[in-house]
Amino acid sequence: MNIDSYIYEAIFEETPKYKVFYELIWEQFKENGFVITDESGYETDAVFKAVALQNLVGEFNYRLYDAVNETGLEDVIEYLANLGIGEEEISEYCAENTQIERDEEDFELTVKNALDYWTEIVADKMLEEFSANDIFDYLFTATYDFEQDFTFDFEDSDEFQAFVDSNSERLDEYKDEYPSVMRWIESGMVC
C-alpha cells in the first residue's frame, strides 16, 4: 500500500472540511522530505505525523471555539493496524526513538507520549515552514464556517491559498480578536 495515498484517504479525508488545509501543509512537508522518507519505520512516522497535524487542528479548535480536542491516540493505533503494524511493532518503534517516553506497563500511555512527541515536532516544522501569521490564517480559514457571508468549500490548495490571500485584512482582524491563540501559535503550539 502506498503510504501517501493511505494518509490522504484514511486520515485527511476523515474530516473533509480540513482536507485542503492538511494537503497544503503535508505537501510542503513532503517537499522538504519531512513526512515520507525511505528510513526504517517511515510508515509509522508518517501516521504519527499526520495524526499530530490533526491534533494541532483540534487544539486550535479547542482554543478558538472551545471545542473538544480528541488527542487521536486510538486513531494512531487503528491507522497503524490497518497497515498491518501491531502493538509489538509500535512498541519497538517507540523503543528505538529515545526521545519518546515509554511505559513498559502501559502501551496506550507510550503511544500517547509518542503522539505528543510528534505533535511537538510537527508544530515546530510548521513554524519553520510558515510564519505564525500564515499558520493562523490557514487554521482559521480551514476551521471557520464563514456562514455569515457564504458557505465555502475549497476545491484545492490553490483556491484555499487564494482565499487566504484575498482576505488578509479580515483575517488580521480575527488575529486581533484572538490574541491568546496567536500567542499559542507563536510559542510553539504546545498542546
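Which residues in α5 meet which residues in α6? Hi everyone, let's start there, keeping in mind that what we have on screen is a predicted model.

On the α5 side we have E87, I90, S91, Y93 and C94, and they meet F107, T110, V111, A114 and W118 in α6. If you sort the residues of that contact by character, you get seven nonpolar, two polar and one charged.

Now the geometry of this pair. Helix α5 covers residues 87–96 and helix α6 covers residues 107–129; their axes come within 10 Å and cross at roughly 50°. Angles of 35 to 65 degrees fall in the oblique class, so α5 is oblique to α6. As for handedness, the crossing of α5 and α6 is left-handed.

Let's move to the other pair, α2 and α3. Here α2 spans residues 19–31 and α3 spans residues 42–65. Their axes come within 11 Å, with a crossing angle of roughly 130°. That angle makes α2 oblique to α3. The crossing of α2 and α3 is right-handed.

And who makes the contact? From α2, please look at F21, Y22, I25 and W26. From α3, the partners are A46, K49, A50, L53, Q54 and V57. Sorted by character, the residues of the contact of α2 with α3 come out as eight nonpolar, one polar and one charged.

So, to put the two side by side: α5 and α6 cross with a left-handed sense, while α2 and α3 cross with a right-handed one. Thanks for listening, and I'm happy to go back to either pair on screen.

Definitions and conventions:
Residues are numbered from 1 along each chain as its sequence is written. This is a predicted model: local features need pLDDT of at least 70, side-chain atom pairs count only at pLDDT 80 or more; totals for chains, interfaces and linings use all residues. Side-chain values use heavy atoms; hydrogens and water are left out. Axes are lines fitted to C-alpha atoms, for helices over the stretch in contact, and angles run from 0 to 180 degrees between N-to-C directions. Helices (H or I, at least four residues) and strands (E, at least two) are DSSP runs, numbered from the N terminus. Angles under 35 degrees count as roughly parallel, over 145 as roughly antiparallel, 65 to 115 as roughly perpendicular and the rest as oblique. A crossing is left-handed if the near helix is turned anticlockwise from the far one by less than a right angle, and right-handed if clockwise. Contact means heavy atoms within 4.5 Å. Ala, Val, Leu, Ile, Met, Phe, Trp, Tyr, Cys and Pro count as nonpolar, Asp, Glu, Lys and Arg as charged, and the others, Gly among them, as polar.
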